[in-house]
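Here is a quick walk through a model with more than one chain. Have the structure open and follow along.

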Amino acid sequence: MLLNRRVRAVALKEIKEIYRDKLYLAMALVVPLMVLILFGYGLSLDVKNIPFAVLDQNRSSLSREYIDRLGRSHYFSLHHYLLRPGPIDQELVKGSIRLGLIIPPNFDRQLALGQESEVQALIDGSFPDRAETSRSYLEAITLEYNLELARRRQALPGTRVPWIEVQTRAWFNSDLESKNFIVPGMMVTILFFFPVLLASITVVREKETGSIFNIYCSPIRRWEYVAGKLLPYLGLGLINYVMIYLLSYYLFGVPFRGSFVLLTVAALLYLGVSAAWGLLLSILLRTQVAAMLFAMISSVIPAFLYSGFFIAVNSMGASGRFMAAILPPTYFMEMVRGIYLKGLGVQVYWSNLLVLLLYFISLMALSVYFLRKRVG
Amino acid sequence: MFQGLLALLHKEYLQFSRDRALVFIVLYVFTVDIYIAGAGFNLEVRNYPTAIYDRDNTQISVQLAEKFRQPYFRVTRLIYSDSEMETLLNKGTVSLVLVIPHNFARSLAEKNHAELQVITDGTLSNTALLALAYAGQIAQEFAQEVGGRWGQSEPGAAHLRPQVKLKPRIAFNPNQKFEWFTSLIELFNIITVVSIFLPAAAAVREKEAGTIEQLLVTPVTPVTIMLAKVISMASIVLAASCLSLFLVIYPVFSLPWRGNLFLYLAATALYVFSATGVGLFISTVCRTLPQTILLLLMLLTPILFLSGSWTPPEAMPVWMRLITYLSPLKYFISIAYGILLRNAGLGHLWPELAGMTVLGLFLFSFCAFRFRQRFG
C-alpha cells in the first residue's frame, strides 16, 4: 500500500537520474567517506608537541630536570633555550613557540629549603581551547614533579609531608583515545549533513527546470510524490551508513559493544528525519543555490555544536541544553555513543527512538502540507 | 571591454539581489550564524557533572569533597554504592565520580600518604582529560592545605613542602575569551565557503540555464565574463565580512580594537580573490548544481580542515602537516589572527602573506586558464 505504483515510479525516476549522473553518484558515495577518514585521522583535539622556549635563570640540575620532564612528555617539545627575557613575547607574536617558561634564579635553593618556587608560564592564548589544554598538561606535569619532590623530601629523616595520589580510570574508553568519540560522532554528523544536502536540491531543481509542472498535472497524490522523492535518498544514506560502520570497525578499530540491529533501526529513523528535513527545505525554497546554502547551515551547526559532539550536553549552559533538546542529532548521538562504547540496549533508548519517529512523521506531514501550496 | 564588464557586473548584482532567499542566507551566515558560533561553542570544561562516593566519611574526606565545586565541577549526586555509580555513568547523568576510599583520613594522618580514585566517562576523551587534570590539581592543593595545618600545629621545618608553583599567564587573550576565537574562526570559515560557493554557483547556473551560450556570442570575452563573476561575488563577500566584523564581533563579543584594520582588509581582499578562483575552477568541471555542491565539499573539507583551526598542526602526522601548506585558509588564519589579536604587523607576517599571495596567484591563474579553455 505504501509502495504503490506511483510512489515506485517517482522513486525509480529519481534513482535513474542519480544513477545516470556518474560524477554525482561517485561523489555522493565517496565524499562522505573522505570526510570521515580526514576527520578520523586528523581531528585530534589532543594537544601534542607544543613548541616551547625556556629562559633558565637557574641552570642547576634541578631546573634541568624539570625542563626535561616537560620536553620528554609528548605534549611539549623544547624549541630552544633563551638567554634574555625579551624575546619570549616576540616569539609568541611570531607564532614560532606557543609557550614560554621563565625559571627563577634561586629555583634549586628554594626547593632545597622546602619552599615554593615560582615558575612563570606564558601561554599563547589565540586558540583558547589549545591554551587551556596546554595549561592543564603543564599543571599536570608540574604536579607529578611536585609529588616526586614531596616523596624525596619525605625520605629525609624527621620530615612529614602529606601527599595524595590520584588514581584515574576512564570507563568506556580506557585509553582516552579521541578517535573513539570522533568516529562515531562523525557518523551522526555525516548522516545528517549529506542526506539533508542532497535531498534539499531534488524538488527545487524540478522547479527551476520546470519539470515540476509534469507532477502538478499528473494524478499523483502529494504524499506519494514526497514518499517517492524520499526513498532514493534514504537508500543512498543507508549505503553511507553501512560503509561508515565498516570503516569505523575495520579501519579505525573503534570498539563496538552494542547491538548492530538496534543501531541500524536508529540509523534508518535518523536518515528519514534528515532526508525529510532536506525535502521540506526543497519544497519551501525557490532556487537551488538558496536551498543548498540553507541545507548546509541548518545541518552543520546542529550536528556539530549542539549534538554533544565535542562537549557533553549535560555540561552545556541552559541555552545550549535547550537547543540540544529540540534538535534531532542529539538523540541519535546519545544512542550512537551508548551503543558503540557502552553497549547499552533498547531498554535505555526506546524514548530516543520515539523522538526520532515523531520528528520524521511531523517533517513528512509538513512537506506534504506545503507541497501543494506552491502550485497557485 | 570595460563597458562590457560594467554591464555584466550590473547583471550579476541584480541577479544576486533578486534571489531574496539567497540574500537572506548570506546576511544570516555573516551575522546570526557567527553570533551562534561565538556564543554557543566552548571547549572549556565547566560545570562537569560530578558525583561523590565518600566511603571514608570523615571530616577530612568531607572537606576534600567540598573542594570539587564550580566552575569546574558541579556536584549533582552523593552516591553510596558501586551499582549506583555504574548506572549514573552508563546513563551519562554524571561524567565523573570521585571515590574517596575507606581509611583515607587515617592513611593520610599515619602514613602521610593516601590514595584517591577518580573515575570518568571516557566517551568524550578531550573533556575527560581536562577534568582529570583539574581533579589532580584539586587533590594536590588539598594535600598542601593539610600540610599547612600540620605546620601550624607543630611549627618547624618538618612539614615544609618544596614545590614548583606555576604562574600561568595567557597572552593575547588573557581572560580566555572563547567567543573571540570561535566567532573569528567561524567568520574565516564562512568567508571561505561563501567566496568559493557563490561564483561557482553563479557560473554553473548559467550553464544549466543555457544562458552562458548567449553571453559567449556577445562581444565580451570569456575573461570578462569570469572577471565580472569574480569581482561581483568577491565584493559581496568583502562587504558582508565587514558587516559581521563591525556589527557582531567587535560590539557583541567586545573584541579589543587592536591591529591595523587596513592591513586586515587588504589581506582579506587578497584571500577572497584567491578563493573565488577555486570556485571558478569548480564551475569548469561541473555541469549541474548538485555536482557543484559535492565537488565543493570535496575541496572545502580539506581546506577548512587543514587550516589548523580544528587541529593544531603540531599534533598532525608529518605528511598531513606538509599538506597544510596547500590550504590557503591556513595562511589567512595566521595573518588575520596575527593582525586582529596579536597586533602583528607586516614585519612579522610577511612570510604568510607571501605564501598566500603565491598560492592565490597560482590558483587564480590556473583557474582563469581553465575557464578560458572551457568557455572560450
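Right after helix α4(A) comes G95(A), a residue with a positive phi, near 90°. Bear in mind that this is a predicted model. The helix before that glycine, α4 of chain A, covers residues 87-94, and I88(A), E91(A), L92(A) and V93(A) are its buried residues.

**A leucine on the outside**

Further along chain A, L354(A) sits in helix α14, which spans residues 346-373. Is L354(A) buried or exposed? L354(A) has 12 other C-beta atoms within 10 Å, so it counts as exposed. Its C-alpha lies 9.8 Å from that of A266(A), although 88 residues separate the two in sequence.

**Two helix pairs**

Now for some helix packing, with one pair from each chain. Two packed helices are described by the angle between their axes and the distance between the axes.

| Helix pair | Axis angle | Axis distance |
|---|---|---|
| α7(A) (residues 179-209) and α11(A) (residues 288-306) | about 165° | 9 Å |
| α8(B) (residues 178-209) and α14(B) (residues 328-340) | roughly 140° | within 11 Å |

In chain A, α7(A) and α11(A) pack at about 165°. Because angles over 145 degrees count that way, α7(A) is roughly antiparallel to α11(A). Their crossing is right-handed. On the α7(A) side the contact includes V188(A), F192(A), F193(A) and R205(A), and on the α11(A) side Q288(A), M292(A), F294(A) and F304(A) are among the partners. By class, this contact has 15 nonpolar, 4 polar and 2 charged residues.

Over in chain B, the axes of α8(B) and α14(B) cross at roughly 140°. That angle makes α8(B) oblique to α14(B). This crossing is right-handed as well. From α8(B), L184(B), F188(B) and T192(B) meet L329(B), F332(B), I333(B), A336(B), Y337(B) and L340(B) of α14(B). Sorted by class, the contact of α8(B) with α14(B) has 8 nonpolar residues, 1 polar residue and no charged ones.

**Chain B and its partner**

Zooming out, chain B splits into domain 1 (2-41 + 176-375) and domain 2 (48-153). Taken over C-alpha atoms, the centres of these two domains of chain B are 49 Å apart.

Where the chains touch, chain B puts in 101 residues and chain A puts in 104. Which helix gives the most to the side of chain B that touches chain A? That is α7 of chain B (residues 125-153), with 19 residues. The chain B side as a whole divides into 59 nonpolar, 28 polar and 14 charged residues.

Definitions and conventions
Residues numbered from 1 in each chain as written. Chains lettered and ligands numbered in written order. Predicted model: local features only at pLDDT ≥ 70, side-chain atom pairs only at ≥ 80, totals over all residues. Buried ≥ 20, exposed ≤ 12 C-beta atoms within 10 Å, placed from the backbone. Helix = DSSP H or I, 4+ residues; strand = E, 2+ residues; numbered from the N terminus. Domains from an automatic or database assignment. Axes fitted to C-alpha atoms, helices over the stretch in contact; angles between N-to-C directions. Parallel < 35°, antiparallel > 145°, perpendicular 65-115°, else oblique. Left-handed = near helix turned anticlockwise from the far one by under 90°. Contact = placed C-beta atoms within 7 Å. Nonpolar A, V, L, I, M, F, W, Y, C, P; charged D, E, K, R; others polar.
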